[in-house]
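Here are my notes for you to read with the structure open beside them. They go point by point, so feel free to skip around.

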Amino acid sequence: MARPKRFAIIGLGIFGSILCRQLSSQGRFEILAVDTSEDKVEAVKEFVSYGATADATDEKVFNALGIKDFDVLVVCTASNLEASVMISLMAKQAGVKVVAKAKSLSHKTVLERIGVDLVIIPELEMGKKLATRLINPDAVDVFSLFENYNIIEVITPEEWVGQSIAEISFRDVYNITLLLIKRGEQFMHYVKRDTKIEEGDLLVVGGSPQYLDKFMNRINKLNA
């Protein structure tokens, strides 16, 4: 049996604490939670495999934590730019995949330049999502996969119920791709052209923001 994936999370503010809880609920993972506050480590103890009250910016402490043996390190110390950079740099030098939270675009740039694999600004991402949801009330969920490629989960318009994928023609008419259909608890990844849309289906589509905007304008009109 393959060993469970191992995550190390350094920084247990709101973001880091929620991450510990979510990872714990999503699967069988080994999770190491680290913070300089004993109270914050204690607060997530039931959700993680190991907890450590430690200053991970100290190289000796960092090495003693065994971060190099983890699959992914998530650095959540965004409020302290120096700590964020130091921890990320040590992890990259140890050959660990690093995901880091940034507090600004300039912070994000610095982390990317030292080789951090993925840098996120949660407030920015949530702002984008909220703006899209406000503009497009029929969008169930939205996220960016790449800089110029978004994915949106939308409610099926009543007018499309009974029509086939070929009749709707996502690619030819809207220049987007139907990635899957969520039908109840079932995820239909391989959708044939003759597959007919059913009431209650959620459509997961992907494409460039400009084409998705046009698609959502059409969806909003159909669902008005």
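1. Let's start with a question: what handedness does the β-α-β unit made by E4, H4 and E5 have? The unit of E4, H4 and E5 is right-handed. Please keep in mind throughout that this is a predicted model. Strands E4 and E5 themselves pair in the parallel sense, over 4 bridges. One pair to look up on your screen is Val-75 with its bridge partner in E5, Ala-100.

2. Now for the wider setting. The protein chain has 9 helices and 11 strands. Of its 224 residues, 43% count as buried. If you take the contacts between residues at least 6 apart in sequence, 55% of them join residues at least 24 apart.

3. The sheet is a good place to get your bearings. E4 and E5 belong to an open sheet of 6 strands, with parallel pairing and the order E3-E2-E1-E4-E5-E6. Which strands stand at the edges? They are E3 and strand E6 (118–120). Each of these has a single partner strand, so one side of E3 and one side of E6 are left without a neighbour in the sheet. From one strand to the next, the twist averages 15°.

4. Next, walk through the pairings around E1. E1 and E2 run parallel and are joined by 5 bridges, with Ile-9 standing opposite Ala-33 in E2. E1 also pairs with E4, again in the parallel sense, over 4 bridges. In that pairing, Ile-10 stands opposite Val-75 in E4. Val-75 therefore has Ile-10 opposite it and Ala-100 as its bridge partner in E5. As a general reminder, strands of a sheet pair through backbone hydrogen bonds, either parallel or antiparallel.

5. At the E3 end, strand E2 (residues 30–35) pairs with strand E3 (residues 50–53) in the parallel sense, over 4 bridges. Val-34 has Ala-52 as its bridge partner in E3. Between the two strands the chain passes through helix H2 (residues 38–43), and this β-α-β crossover is right-handed. Glu-42 lies in H2. Is Glu-42 buried, partly exposed or exposed? With a relative accessible area of 46%, Glu-42 is partly exposed. The C-alpha atoms of Glu-42 and Ala-52 are 9.1 Å apart, and the two residues are 10 apart in sequence.

6. Helices pack on the sheet too. Helix H1 (residues 14–26) touches E1, E2, E4, E5 and E6, and its direction makes about 160° with that of E1. H4 lies across E1, E4 and E5, and runs at about 170° to E5.

7. E4 deserves a closer look. In a regular strand the side chains alternate between the two faces of the sheet. In E4, Val-72 and Val-74 are on one side, Leu-73 and Val-75 on the other, and all are buried, so both faces are covered.

8. What about the nonpolar core? The largest one has 25 residues, of which Leu-32, Ile-67 and Leu-73 touch the most other members. Strand E1 (6–10), E2, strand E4 (72–75), helix H4 (81–93) and strand E5 (97–101) are the elements that give two or more residues to this core. H4 provides the largest share, 4 residues. Apart from this core lies another, of 19 residues, including Ile-152, Ile-176, Leu-178 and Met-188. To return to Leu-73, its contacts include Ala-8, Ile-10, Phe-62, Ile-67, Ile-87 and Val-99.

9. Finally, the cysteines. How many disulfides does the count come to? The count comes to 0. The closest cysteine sulfur to that of Cys-20 is in Cys-76, 7.7 Å away, which is too far for a bond; a disulfide would need the two sulfur atoms within 2.5 Å. Cys-20 counts as buried, at 0% relative accessibility. Cys-76 is buried as well, with a relative accessible area of 10%.

Terms used:
Residues numbered from 1 in each chain as written. Predicted model: local features only at pLDDT ≥ 70, side-chain atom pairs only at ≥ 80, totals over all residues. Heavy atoms only, no water. Pairing = 2+ DSSP bridges. Right-handed = clockwise from strand over helix to strand, strands pointing away. Buried < 20%, exposed > 50% of the residue type's maximum accessible area, 1.4 Å probe, protein only. Core = buried A, V, L, I, M, F, W, Y, C linked by side-chain atoms within 4.5 Å. Contact = heavy atoms within 4.5 Å. Axes fitted to C-alpha atoms, helices over the stretch in contact; angles between N-to-C directions. Lists of a residue's contacts leave out its neighbours within four places in sequence.
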